[in-house]
Every structure is written in C-alpha cells, then in structure tokens.
Amino acid sequence: MGEKIYTQSQQDAINWGEGPVIVLAGPGSGKTAVLTERIIRLLKDAERESFRILALTFTNKAAAEMSERVAAGIENQDRRLFIGTFHSFCSEVLRNHGSYVNLKSDFEIYSSNDDLNAVVNEIKEEYCEQHPEDEISELKQIPRAATLSWE
C-alpha cells in the first residue's frame, strides 16, 4: 500500500503549527487520517519535548484505528498520548481523580436497558426492606416504565 496523498486543505491541517486545529469535514473525507498524521508529525517534530497529546473521538472503532495508525507511524509514544473516546477519557479522569468530588474509583457505568432495570429493581428491593408497611403496587409499575428504549 502506497503513501496516502492528501489534498492541500488536509496538508494544511496536518502541518498547522500555530496551536490547536479543528478539522470539520463530512463522513469518509479523511478526518481520522489527517488527525492521525498530525499527531505523528507533532510527536516526531518534538521527540525531546515533554508535552502530551489528547485525541478524543466518538467511537471505539475510530479510537482503535487512530491508535493503530499512530503506533505504525511512530514507536514508543504511549506515555505522551491518550487516544480514546470522550466516554473513556472522562471515565479515566473520574477513576483517577473522582475522590476530589467524593466519587469512589470503583463506580460502574450503566449503558443498557438491562443495567437500568437492575438499578430500578435494586431501588425497589431497598425501598421495600426499609418500608415493609407501605403498599408496593406503585413500585410494581416501575419495571414496565424503565424498559422503554433509551438508545
């Protein structure tokens, strides 16, 4: 596979040297390739520098693709680079520094209807244990409402 040929606009983004850059383009236009090339260039141009690069994307697939491309373009830069999704980055920050806002590092992230139903059932059980005298007919309605799709 030959070297990728970039348009002038893409080359401008890759070689931009005056601070951050935003790449706005449609699907399939080469944004990931341009940003990956920019990261490689920045790391190569400043191998003796100590700055770090944060590259965030929306999907695990794009993050994995960027990581693979950077690893193929320059070696041993893991300590200077975080490539991941917004969610994985925020999770990492909260796990490492959440104690400053009274958050335990072993928190779980709920992301499916099954997770939501498990939380609702746990709340129901805890409530029933604490209030055995209360009617639970209203609580029986919760799982039906909680199973609405929120994807």
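1. A nonpolar surface patch is a good place to start in this predicted model. Leu94, Tyr100, Val101 and Leu103 make up the patch, and together they offer about 420 Å² of accessible area.

2. Val101 deserves its own look within that group. Its place is the loop that links α4 (86–97) to α5 (113–130). Val101 counts as exposed because its relative accessibility is 60%, and the cut-off for that class is over 50%.

3. Strand β2 (residues 81–85) gives quite another view: 4 of its 5 residues are buried, so the rest of the structure largely encloses this strand. Buried here stands for under 20% relative accessible area.

4. What does β2 pair with, and in which sense? Its partner is strand β1 (residues 53–57), and the two run in the parallel sense, joined over 5 bridges. If you would like a pair of residues to look for, Leu54 stands opposite Phe82 in β2.

5. Do follow the chain through helix α3 (residues 60–73) as well. Together with β1 and β2, this helix completes a β-α-β unit, and the unit is right-handed.

6. Lastly, a word on Ser29, which sits in the loop between α1 (8–15) and α2 (31–45). Is Ser29 buried, partly exposed or exposed? With 31% relative accessibility, Ser29 counts as partly exposed, because that class lies between the 20% and 50% limits. You may also like to check Ser29 against Gln10: they are 19 residues apart in sequence, and their C-alpha atoms lie 9.7 Å apart in space.

How values were computed
Residues numbered from 1 in each chain as written. Predicted model: local features only at pLDDT ≥ 70, side-chain atom pairs only at ≥ 80, totals over all residues. Heavy atoms only, no water. Patch = residues over 30% accessible without salt bridge, like charges linked within 9 Å, V, L, I, M, F, W, Y side chains within 5 Å. Areas by Shrake-Rupley, 256 points an atom, 1.4 Å probe, with all protein chains shown as cover. Salt bridge = Lys/Arg side-chain N within 4 Å of Asp/Glu carboxyl O. Buried < 20%, exposed > 50% of the residue type's maximum accessible area, 1.4 Å probe, protein only. Pairing = 2+ DSSP bridges. Right-handed = clockwise from strand over helix to strand, strands pointing away.
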